[in-house]
Structure formats: structure tokens, C-alpha cells
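Me: I have a structure open and want to learn how to read its features. Can you take me through them one by one?

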Amino acid sequence: MSLSINAAAQGLVIPGIRQFSNQLVLYPNAINLTIGQPDFPTPEAVKEAGIRAIASNQTIYSHNAGLLELREAVRDFFAVSYGLDYNPETEIIVTTGASEALDSVFRTILEEGDEVILPAPLYSGYEPIITMCGAKPVYLDTSLTGFKPSPEKLEALITEKTKAILFNYPSNPTGVALNKEEMDELVSLIAKYDLFIVSDEIYSENTLEGEHHTFASYAQLKERLFLIHGLSKSHSMTGWRIGFVLGPASIMEHVVKVHLYNGVCASVPGQYAAIEALTNNRHVPAQMNIAYRDRRDYVYRRLTLMGFDVVMPKGAFYIFPSIKQFGMPSMEFATRLLREAGVAVVPGSSFTEFGEGYIRISFAYSMELIKEAMNRLEGWLNQEFFVNKEVIS
Ligand code: PMP
């Protein structure tokens, strides 16, 4: 017997974003705009619900799919907000964050050799799950189409090995959201093929303009769509680890087995806190969005004035400007910006090769920090590039 380990596990790499933020300890005065979590505390009433659960000894396992009361709250939330109709007994599972929802769904549907199409640049959490299943991520480059998936390009990637398509709108890292017409077009294409759809809509409540449209509202997808969600972003609950997956009963009965053999159930005090979040605290994301909108407008204006080519984010709390004019890889740009100007942003290459040539700036930080970071960025650019006339565009 040898002590060799699973090759796919061995092949995993620490996400670029973590590798980069690890450097931050060396620069204590740097302003860190790398993190993707709200800068607001969990709402008081939600915290109290969690504390009450602990005090009253709700510290035991729950039903594997989660407390029925929470699944009912999830059902009501999606019914009221998006007109969806999911059965809490058979079509909703509470998971350890959206991360585990993604893991359980992919491990349920994927087999060795399958392909999953993912519009990119995108969040780095999907690829490792897919490759651990022996499946292959196939990227759809959206960088030339405003970070939105072109139906023609998508169709060109579909092969007999394609098992699923993943969507993440509003998007991490670009902040792009799809409007109804764009979704209609994609759905009429997808509906022609027997493919699963995994729609990670964890940023839906952080829609900064207009209304969020969900892929789950299309009846023709209902039997093969998994809606991935959670409270990390909407209610600033990243550390509570509560997520959800909603999907068709015939497949969810298998997802729940994968989920339970992995973690039994989601944290129970967290589930009680989640009930409070989804019932009496539905208004919370809209309050946070007021601040995000102000910050987004400010960052967008400053970046445009500095000459960055940048798409206006419609959701989430990220902005993804191009740095192509500076003629260096995003890792080098971000490293220099950190060392020379004391501002930390995420190199676009952390979001697949299609993110190369961009940086991700999170605006889940106070306006004061954001202003100072923009001043530092502008000062650095003026000194390093514009004054020296290294940049001509
Ligand atoms: N999906 C996306 C697009 C994300 O950005 C994140 C967190 N950064 C997750 C899923 C995972 O969220 P959770 O905390 O619910 O596991």
C-alpha cells in the first residue's frame, strides 16, 4: 500500500484570491478591497435568534434537509419575491453555505468525463468541485460581450458530453446581471438540449438596478434546474454557513443523500437565525444596497475619470475594470499596486484565464476606505504611468 493521495485533490490549488490576500499581512497599512463579504454586521434580530437557539439547547442535529420551519420560510421567500413554487418537503435542502449546495448538486449529477459549461470570468469555487468529480469545466468567454454569455457561443460549446451549464448572475467577479430578454434568449436555446442548469443566484438580493430575474421562473427548465442560494451575502452571514438548494423532487431525493453523507445537516443555531433572516428581515438587503449603490457610483466615476475601461455593475458588490492599457499581467499589476500604493485588489486571473487583463475591486467597504483607496490608486497611476507617459491610451 502506498500513501499516494487522490490525484484530483493533489491537483487543486489554493484560490488566487487567497494566495493574494495572504500577502496582505506584510502591508499593514494597505487598504484591502479584496474580500467578498458585506462590511455590515449580521442584523441584530438574526443574531439574537441564533443566540436564543443556543440558549434553548437547539444544538442537536436537525432533519438532514434542514428544519422544516426553515424550508417553509425558504419556500415563502421565493414565492413572495419571485413567484416560485417549491415544495419544502421534497424540493428544498438547507446546506452549509451555497458552497456545499454546489458541491452536493455537482456530485449528484456529474460523472467522469462529463463537461460543464461556465461563462467566464467567474468565481473560482466551481472548477475544483467539477474536477473532483472527474468532469471537465468548459469556459465560455464573455469578455468580448460585456461579460454576458452569447447564445451563439454557448451553443457552439455544447457537445454530447455536456451535462450542465452553470450561470451566476448577478456575477462574481463582474457585477453583471442579465435582463429578462437576455435570459429569454438563453432559455429558448438551452431548452432544446437535455442539460442541467445550475443557477447560482447568491447575489440576487444585491441587485442594484432594476429587478432580479431568476432562471428558476422558466417552467420549461423546472425539471432540470437547481437554484443555488444562501444568506452569506444578503444578510451578511458568511460565517454562519447557511445556504439552500432548490430543485426538482426526483433529483433532490439523491442530492439530499450526498448532502447528508457529507455533513448530516447545516448548523442548527444557524438555521434558526436563518428563519429570522427570511421572515422578519427580508428588508435588510435593500438597506445594504443603498450603501452599495452609492459606493458603486463613486468607484465607477473615479475609475472612469482615471481612464479605466469598465462595465457598470448591476448587482453584487464588485467592479471589474480592464487594466489592459497598462500592459502587464493582472497579478503583477495587483502586486505592484499593493506594494507601491498600499491598495489590495484581486488579480483578474484569479477568475480563470478569461479574467486576465482585469482586476476585481470589492466595494463592500466603507466609503471612507474606498475614497482613500481611489486616491492612492490615482496617485500611483499618475506617478508610475501617466507622468512617465508609459501609457498612451
Ligand atoms: N457563489 C458565489 C458566486 C460566491 O461569490 C460565493 C462566496 N464568495 C459563494 C457561492 C459561496 O457562498 P457561501 O458563503 O454561501 O458558501
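Me: How many residue pairs are in polar contact across the interface of domain 1 and domain 2?

Reply: Look for N and O atoms within 3.5 Å of each other. This model is predicted, and the rule finds 15 such residue pairs across the interface, both partners at pLDDT 80 or more.

Me: Which elements supply the side of domain 1 that touches domain 2?

Reply: Helix 1 (7-11), helix 11 (284-305) and strand 9 (318-319) each give at least two residues. Helix 11 has the largest share, with seven residues.

Me: What is the make-up of that side of domain 1, by nonpolar, polar and charged residues?

Reply: Sort the residues by class. On this side of domain 1 there are 23 nonpolar, seven polar and four charged residues.

Me: Where do the two domains run along the chain?

Reply: Domain 1 comes in two segments, 7-41 and 284-385. Domain 2 covers 57-280. Their C-alpha centres are 25 Å apart. The contact draws on 34 residues of domain 1 and 32 residues of domain 2.

Me: What area is buried between domain 1 and domain 2?

Reply: Buried area is accessible area lost when two parts are put together, summed over both. Here the figure is about 2800 Å². Carbon and sulfur atoms account for 63% of that area.

Me: How many salt bridges are counted between domain 1 and domain 2?

Reply: The test is a side-chain nitrogen of Lys or Arg within 4 Å of a carboxyl oxygen of Asp or Glu. Between these domains the count is one. Arg296 and Glu209 form a salt bridge, with their closest N and O atoms 2.8 Å apart.

Me: And how many salt bridges does a search of the whole structure find?

Reply: The search gives 15. One salt bridge joins Glu44 to Lys47, with closest N and O atoms at 3.1 Å. Both residues sit in helix 3 (residues 44-55). They are three residues apart, about one turn of the helix.

Me: Now the ligand. Which residues around the ligand come nearest?

Reply: There are 13 residues around the ligand. Ala98, Ser99, Asp200, Ser232 and Arg241 come nearest.

Me: Which ligand atoms lie by the polar side-chain atoms of Ser99 and Asp200?

Reply: Check the element at each end, then the distance. Ser99 has a polar side-chain atom 2.5 Å from a ligand oxygen. For Asp200, a polar side-chain atom is 2.6 Å from a ligand nitrogen. Ser232 also places a side-chain N or O atom 2.7 Å from an oxygen atom of the ligand.

Technical notes
Residues numbered from 1 in each chain as written. Predicted model: local features only at pLDDT ≥ 70, side-chain atom pairs only at ≥ 80, totals over all residues. Heavy atoms only, no water. Domains from an automatic or database assignment. Contact = heavy atoms within 4.5 Å. Buried area = accessible area lost by both parts, 1.4 Å probe. Polar contact = N/O pair within 3.5 Å; in protein donor to acceptor, adjacent residues only side chain to side chain. Helix = DSSP H or I, 4+ residues; strand = E, 2+ residues; numbered from the N terminus. Nonpolar A, V, L, I, M, F, W, Y, C, P; charged D, E, K, R; others polar. Near = heavy atom within 4 Å.
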